[in-house]
Amino acid sequence: GGEVISEEVFESESRDLRQQLVKIRDAKPDVVYFVGYSDATIIGLKQMKELGISVPIFGADTWDDPRIASELKHLANGAQYAILVNQKLPETFVSEMKKRTGGKELVASSARAYDSAMAVAELIQEVGIDSKRLQTALATLENYKGIGDIYTMDLKGDMNRAQYVIKRFENGKTVEVK
């Protein structure tokens, strides 16, 4: 039921988003949906505050990086994002990922990225690398048991069921929205 009144793009390595943000601000949106990886999100949220953008701001699962909250502190207050709920992750996965990332906290998408790579690798073993056959196999994937979830896909390649949790930034932390 909503209407997109402004759509702006930026290079992920951009350090100044003011030109795009001014256009968004001047369009007078009711909300801003801003998707970026950690560095761009930190820059974008800071610059939105500088430019006086005070409407609700929503993001994506890439915002579940603890560095965003810790670096922005109160500047991110109120911004929200959705992430898929993971199953309880195996301790072996968590410890191996922390070892490979130098002890950094895992982001919510870590398990799903791993599951996606493993599912595609298994399907390639079954159907080969023909893109049409692989696309069909992905669209008919059913009850694939990953470490983050059990996956069944629809014909568009989307999960046919998913549970999300909404998180909000509050004073250098993220909290679940109940």
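In which sense do strands E2 and E3 pair, and over how many bridges? The legends below start there; the model is a predicted one.

**View 1. Strand E3 and its neighbour E2.** Strand E2 (residues 57-59) and E3 run parallel, paired over 2 bridges. Look for Gly59, whose bridge partner in E3 is Tyr81. To get from E2 to E3 the chain passes through helix H3 (residues 66-72), a β-α-β crossover that is right-handed. Strand E3 (residues 80-84) has 4 of its 5 residues buried, so the rest of the structure largely encloses it.

**View 2. The other side of the sheet.** E3 is also joined to strand E6 (residues 164-170), this time antiparallel and by 5 bridges. Here Leu84 stands opposite Tyr164 of E6. E6 in turn pairs with E7 in the antiparallel sense over 4 bridges, and Phe169 sits opposite Thr174 in E7. Put together, the open sheet has 5 strands in the order E1-E2-E3-E6-E7, and the pairing is mixed. Strands E1 (32-33) and E7 (173-176) are the edges, each pairing on one side only.

**View 3. Inside the largest nonpolar core.** This core has 23 residues, and Leu45, Met48, Ile57, Trp63 and Phe169 are the ones touching the most other members. Helix H1 (18-26), H2, H3, E3 and E6 each chip in with at least two residues. H2 gives the most, with 4 residues. It fits a familiar habit: in soluble globular proteins, nonpolar side chains tend to be buried together.

**View 4. Nonpolar side chains on the surface.** Val31, Tyr33, Val35 and Phe58 make a nonpolar surface patch of about 380 Å². Val35 belongs to the loop between E1 and helix H2 (38-50). Its relative accessible area is 40%, so Val35 counts as partly exposed.

**View 5. A salt bridge between H2 and H3.** The side chains of Arg67 and Asp39 meet here, 2.7 Å from N to O. Arg67 is in helix H3 and Asp39 in helix H2, so the pair ties together parts 28 residues apart in sequence. Both partners are partly exposed: Arg67 has a relative accessible area of 29%, and Asp39 has 36%. The pair belongs to a salt-bridge network that links Asp39, Asp65, Arg67 and Glu71.

**View 6. A buried salt bridge.** Asp64 and Lys167 form a salt bridge, with their closest N and O atoms 3.1 Å apart. Asp64 comes from the loop between E2 and H3 and Lys167 from strand E6, so to speak a long-distance link, as 103 residues separate them. Asp64 counts as buried at 10% relative accessibility, and Lys167 is buried too, at 16%.

**View 7. A salt bridge within helix H4.** Lys99 and Glu96 form a salt bridge, their closest N and O atoms being 3.2 Å apart. Both lie in helix H4 (residues 91-100), 3 residues apart, or about one turn of the helix. Lys99 is exposed, with a relative accessible area of 61%, while Glu96 is partly exposed at 29%.

**View 8. Leu138 in helix H6.** Leu138 is found in helix H6 (residues 131-139), and it is partly exposed, with a relative accessible area of 30%. From Leu138 to Gly52 the C-alpha distance is 44 Å, with their positions 86 residues apart in sequence. For scale, the protein's C-alpha atoms fill a box of roughly 55 × 35 × 35 Å along the principal axes.

Methods: Residues are numbered from 1 along each chain as its sequence is written. This is a predicted model: local features need pLDDT of at least 70, side-chain atom pairs count only at pLDDT 80 or more; totals for chains, interfaces and linings use all residues. Side-chain values use heavy atoms; hydrogens and water are left out. Buried means under 20% relative accessible area, exposed over 50%, partly exposed in between (1.4 Å probe, protein chains only). Two strands pair if DSSP finds at least two bridges between them. A crossover is right-handed if, with the strands pointing away from the viewer, the path from the first strand over the helix to the second runs clockwise. Patches are made of residues with over 30% relative accessible area and no salt bridge: like charges are joined within 9 Å, nonpolar side chains (Val, Leu, Ile, Met, Phe, Trp, Tyr) within 5 Å. Accessible areas come from the Shrake-Rupley method with a 1.4 Å probe; for residues, only the protein chains shown count as cover. A salt bridge is a side-chain nitrogen of Lys or Arg within 4 Å of a carboxyl oxygen of Asp or Glu. A nonpolar core is a set of buried Ala, Val, Leu, Ile, Met, Phe, Trp, Tyr and Cys residues joined through side-chain atoms within 4.5 Å.
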